[in-house]
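This report covers the fold, the nonpolar core and the strand pairing of a single protein chain. The sequence and structure are shown first.

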Amino acid sequence: MTYNENLKTHHSKITNNFSLAKNVKNAFTQDQVSELFQQQFILAEGAKWTPTSRNIQTSVDIDTLFSNCPWLDDIFGDILVDDYSKYHSGNFYITTQLHDAHVDLLTHEETERFHWAKNIIPWKSCVIPLIITDGADAHTAFFNERHIGTSVTFDRVEISSQDNSNYDIVREYPPLYNIDGVVMLTEEWPDKDGFLFPQIPRGNLQGLSVESVLEFNPGDVMIFDACQIHASCVKRSKPNYKWLKSGINIQFYKEV
Ligand SMILES: [Fe+2]
């Protein structure tokens, strides 16, 4: 079966695995964070960016990262408990930019290029913060809404161009599911005390609601549903976001 057929056939298995986003404190030692940071250069096959993006994505094969750093499986084995596929997608990034609402899964192109994509369903994602400017803080909001499909950016009001993105930019939002696997039908805007989304037009946020906000803190790891929509946000009390940060995003899949 194809990846898209698996999503339909195993829909309830995917939704039954949904759980709340969480931050695991001190998952990595300082040495491990430094080693991961270096791997983004050691393993780089190039980098992607656009003149407008203020975001460099180094192209690294995540499965090679796991073989170079075998302790990753020890750490994620303990955190995730359940088995996961040995195949992963993901990317490193270096950015000065708040990111828009999106899900990191597989792009259409990856579902065809990765031979293993036909044997998996999405399970969990993580963000591993590697470094951030002294004194700065950065946060990610995880929404209650989950998208079962391929990688997408949610942009109803057309501020982003498809030409600059590997992710499908959706102008009309698909059905979005809550943690119980029920389609969410909210017309509301996210309302989280103390946090703002200065980079996202109000029209793009309609229909999204905040489950939690986690802080970008090197040494920790944020774990969330691979299908879960997320976006950067800033503290209302400290809306300054002049920083440079680098991290890794990794997807974990279940074999079917
Ligand atoms: Fe992401």
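A residue counts as buried if 20 or more other C-beta atoms lie within 10 Å of its own. The model discussed here is predicted. In strand S7 (139-146), six of the eight residues are buried, so S7 is largely enclosed by the rest of the structure. Across the 256 residues of the protein chain, 34% are buried.

S7 has antiparallel pairings with S11 and with S13. The table gives the bridges and one residue pair for each.

| Strand pair | Bridges | Residue pair |
|---|---|---|
| S7 and S11 | five bridges | Phe143 and Val210 |
| S7 and S13 | five bridges | Ala141 and Ala231 |

S7, S11 and S13 are among the strands that each supply at least two residues of the largest nonpolar core. This core has 52 residues, and Cys126, Ile128 and Met222 have the most contacts inside it. Its largest share, seven residues, comes from S6, the strand covering 120-132. Leaving aside residues up to four places away in sequence, Cys126 touches Val221, Met222, Ile223 and Ile250.

As for the whole fold, the protein chain has seven helices and 14 strands. Its radius of gyration is 17 Å, close to the 18 Å from the globule rule for 256 residues, so the chain is as compact as a globular protein of that length. The C-alpha trace spans about 45 × 45 × 35 Å along its principal axes. Among contacts with a separation of 6 or more, 80% are between residues 24 or more positions apart.

Conventions
Residues are numbered from 1 along each chain as its sequence is written. This is a predicted model: local features need pLDDT of at least 70, side-chain atom pairs count only at pLDDT 80 or more; totals for chains, interfaces and linings use all residues. Helices (H or I, at least four residues) and strands (E, at least two) are DSSP runs, numbered from the N terminus. The radius of gyration is taken over C-alpha atoms; the globule rule is 2.2 Å times the number of residues to the power 0.38. A residue is buried if 20 or more other C-beta atoms lie within 10 Å of its own, exposed if 12 or fewer, and partly exposed in between; C-beta atoms are placed from the backbone. Two residues are in contact if their C-beta atoms, placed from the backbone, lie within 7 Å. A nonpolar core is a set of buried Ala, Val, Leu, Ile, Met, Phe, Trp, Tyr and Cys residues joined through C-beta atoms within 7 Å. Two strands pair if DSSP finds at least two bridges between them.
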